[in-house]
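Subject: Handing over the structure

Hi,

Here is the structure I promised to pass on. Have a look at it first, and then read my notes below.

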Amino acid sequence: MSKIKRIGVLTSGGDAPGMNAAIRAVTRTAIYNGLEVIGIRHGYQGMINGYFKLMKTFHVSDIIQRGGTILKTARCEEFKTTEGRKQAYESLRDRNIDGVVVIGGDGSFTGARIFNEEYNIPFIGIPGTIDNDIYGTDYTIGYDTALNTVIEAVDKIRDTASAHNRLFFIEVMGAEAGFIAVRSGIACGAEAIIIPEVKDQVNNLHAYLEEGYKRKKSSNIIIVAERAYPGGAFGVAEAVKKDFTDYSMRVTVLGHIQRGGSPSAFDRFTASRLGFAAVDALLDDQKSAMVGLQNNEISLVPFSKAVKLHKEVRKDYLEIANILSV
Ligand code: ADP
């Protein structure tokens, strides 16, 4: 029997659609198992300051379909200091919290890993970020919803692009990685996808676009991951504009609409599974690890691996994108 009687749950770092579904799953699984649940508001800042709230089943009613996070999220510099983490430990101990579920990204898991090296209150992570850039899980919560938002927007842009012979550069999020760009690019039939992981794409793009240009393609959609090129989509457009005088060029930065909205069925389902698995892991006396999804099965990945190892964009997806975009 696990000694855990009361757990905390928080969301930290960047928000993502589906975080509420994860909070709901953690809360209800814990209550089902006879545990008490404390919602910690405003991420690690709330842990330090004691922004705690006892969660009952009804507190998580009617949230599975909502974007954002009812617990709010925050970035917290204090947690990066020894003193800040000591205060966090003391507040957890004062409230008899003996396990914590952290829903967040890389940064949040780095903090959790360090905390678990210093203190014996186990932390378990649930990957929540639209960027999908966490090693050890095929999907992060929010990624699928963000993809759906991108393709809906790009479909609309394509209508106007073909009406006017326009070349559209559409910037999507993804931080340092091209996961959103690659998958959304394939899903919306983009003519080219520019991602940080591949070098010299802008030079090749030039040659590639010339082909389409000769064939008088009526529209071109180029998806640009936000950190793929200096200046993002504007930078890419600037770099190629002098050679495409017959096309009018437009840049659209999709921005934070990708972070919001009602989570997709896939994100709700995954958040529910991972929330359930996170409580299971705590009851199994696991610590300093993230629950993830690998080949549609739950996996437990040590934070040390999840934050240190790099998840690669699949090269076969890039090949598919190239072949299908001619
Ligand atoms: P995400 O979890 O989405 O990657 P951040 O990188 O902003 O978001 O990290 C969220 C929070 O995690 C930070 O504000 C900080 O409180 C904590 N954190 C990040 N890096 C560290 C670190 N090296 N040591 C301790 N805490 C950290």
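First, a bit of vocabulary: a helix axis here is a line fitted to the C-alpha atoms over the stretch in contact, and angles run from 0 to 180 degrees between N-to-C directions. Helices (H or I, at least four residues) and strands (E, at least two) are DSSP runs, numbered from the N terminus.

Keep in mind that this is a predicted model, where local features need pLDDT of at least 70 and side-chain atom pairs count only at pLDDT 80 or more, while totals for chains, interfaces and linings use all residues. Residues are numbered from 1 along each chain as its sequence is written, and side-chain values use heavy atoms, with hydrogens and water left out.

Now the helix pair. Helix 3 (residues 82-94) packs against helix 4 at about 70°, and their axes are 11 Å apart. That makes the two roughly perpendicular to each other (the range for this is 65 to 115 degrees; under 35 is roughly parallel, over 145 roughly antiparallel and the rest oblique). Arg85, Ala88, Tyr89 and Leu92 of helix 3 touch Ile114, Phe115 and Glu118 of helix 4, contact meaning heavy atoms within 4.5 Å. By class, this contact has five nonpolar, no polar and two charged residues. (Ala, Val, Leu, Ile, Met, Phe, Trp, Tyr, Cys and Pro are nonpolar, Asp, Glu, Lys and Arg charged, and the others, Gly among them, polar.)

The chain is divided into domain 1 (6-142 + 263-308) and domain 2 (143-259), with bounds from an automatic or database domain assignment. Their C-alpha centres lie 34 Å apart, and 17 residues of domain 1 are in contact with 14 of domain 2.

On to the pockets. A pocket is an open set of points on a 1 Å grid over the protein atoms alone, where a 1.4 Å probe fits, with protein on both sides within 12 Å along at least five of seven lines; lining residues have an atom within 4 Å of a point. The largest one holds about 610 Å³, volume being the space filled by probe spheres set on the points. Its lining has 30 residues, with Gly13, Gly14, Arg75, Gly107 and Ser108 nearest the centre. Helix 4 (residues 106-118) gives the most to that lining, six residues, and each domain supplies at least three.

The second largest pocket has a volume of about 330 Å³. Helix 7 gives the most to its lining, with four residues.

Cheers
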